[in-house]
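Reader: I would like to understand how charged side chains are judged to pair up, and how one decides what is buried. Could you take me through the reasoning slowly?

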Amino acid sequence: MRLTSEQRLADDGVLEREFTLGEIPGTLWTPESAAPAPLILMAHNNGLPKADPRLVARARYTAARGYAVASIDAAGCGDRPRSAADEQARADLRRAMQAGEPVDEIFESLIGPLVERAVPEWQTTLDALLELPEIGGPVGYSGGWTALGIRLAVVDPRIAAAGFFAGGYVPRAQREEARRVTVPLLFLLQWDDEGNPRQRALDLFDAFGSKEKTLHANLGGHTGTPFFELEDGCRFLDRHLK
C-alpha cells in the first residue's frame, strides 16, 4: 500500500489519506485517537466513486466517532476503466429508462459482473488495511452498494456487522445469498424510493439469515435518508464493533 496524500481535517480532527494498492485507488479516514480503531468498509452504490460527497460526509462523520473508514474505487467503479460490456449495459439502461421499459435484466448484466470483480479487490484492500497499526478490527460494512455488502458478508468471516441501504438494485445471485448473511444487520429503506420497489426491499430484508436484524423505514425518495439515521447507524456499529 502506497500513501499518496494526507491531510488533517480541521473541523473534526479526522486524518484523510489517499492511497493506492496496485491499481486500486482508495481513501482512508482515521480518528485522532492513537488507539487502534475498528474498521468500516464503506462503498457507494453500483460503481459510483469513492469521492461522492454523500459517501465522504458519512465517512468523515463515522471516523470522528472513533472508527477507521476506508473506501476504494474497485474495478469498473469511479474513474477506473469500464469494460465494453459495462458501457453497453449502461447505454442500454439509459435508453430503457428514457423509454419507460423494464430494466431488471439490464441491471443484472451490469451489477452482477461489477460485484464479481469488486469483491476480490475489496478483500485485497482489507488485507492491507488490517496490517496498519492504527487499525485493530473488528470490521464492519456500511454502504449503499448492498449487493457488494451481501457478497462480502457471505465470503469474508472478518465482516462482523453490516449496515445496508435498500436503494440499489440487488442481483438475483445476491438475493439468494442473503439467506447466508448471519451478521447483525441494520437495513435502511426509503419508503417512497422511486427506483427501488418497496416490496422487493421488504422481501430482501425477510430473506436475510441474521438472527439480529433491524429495519428502519422513512418516508421520502431515494436520497432523502434522514441525518439521524447516520447517528443511529454509528450506535449500531458501537454495539457490535466496540
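Reader: What makes E134 and R17 a salt bridge?

Author: A salt bridge requires a side-chain nitrogen of Lys or Arg within 4 Å of a carboxyl oxygen of Asp or Glu. The closest N and O atoms of E134 and R17 are 2.8 Å apart, so the pair meets the definition. This is a predicted model, in which local features need pLDDT of at least 70 and side-chain atom pairs count only at pLDDT 80 or more, while totals for chains, interfaces and linings use all residues. Residues are numbered from 1 along each chain as its sequence is written, and side-chain values use heavy atoms, with hydrogens and water left out.

Reader: Why is R17 called buried?

Author: Buried means under 20% relative accessible area, exposed means over 50%, and partly exposed lies in between (1.4 Å probe, protein chains only). R17 has a relative accessibility of 9%, and therefore counts as buried, whereas its partner E134, at 23%, is partly exposed.

Reader: How do you know that R60 and D11 form a salt bridge?

Author: Their side chains come to 2.5 Å, N to O, and because the limit is 4 Å, the name applies. D11, at 63% relative accessibility, counts as exposed, while R60, at 22%, is partly exposed.

Reader: What makes K50 buried or exposed?

Author: K50 has 11% relative accessibility, so this residue counts as buried. Its side chain meets that of E18 in a salt bridge of 2.9 Å, N to O, and E18, at 22%, counts as partly exposed.
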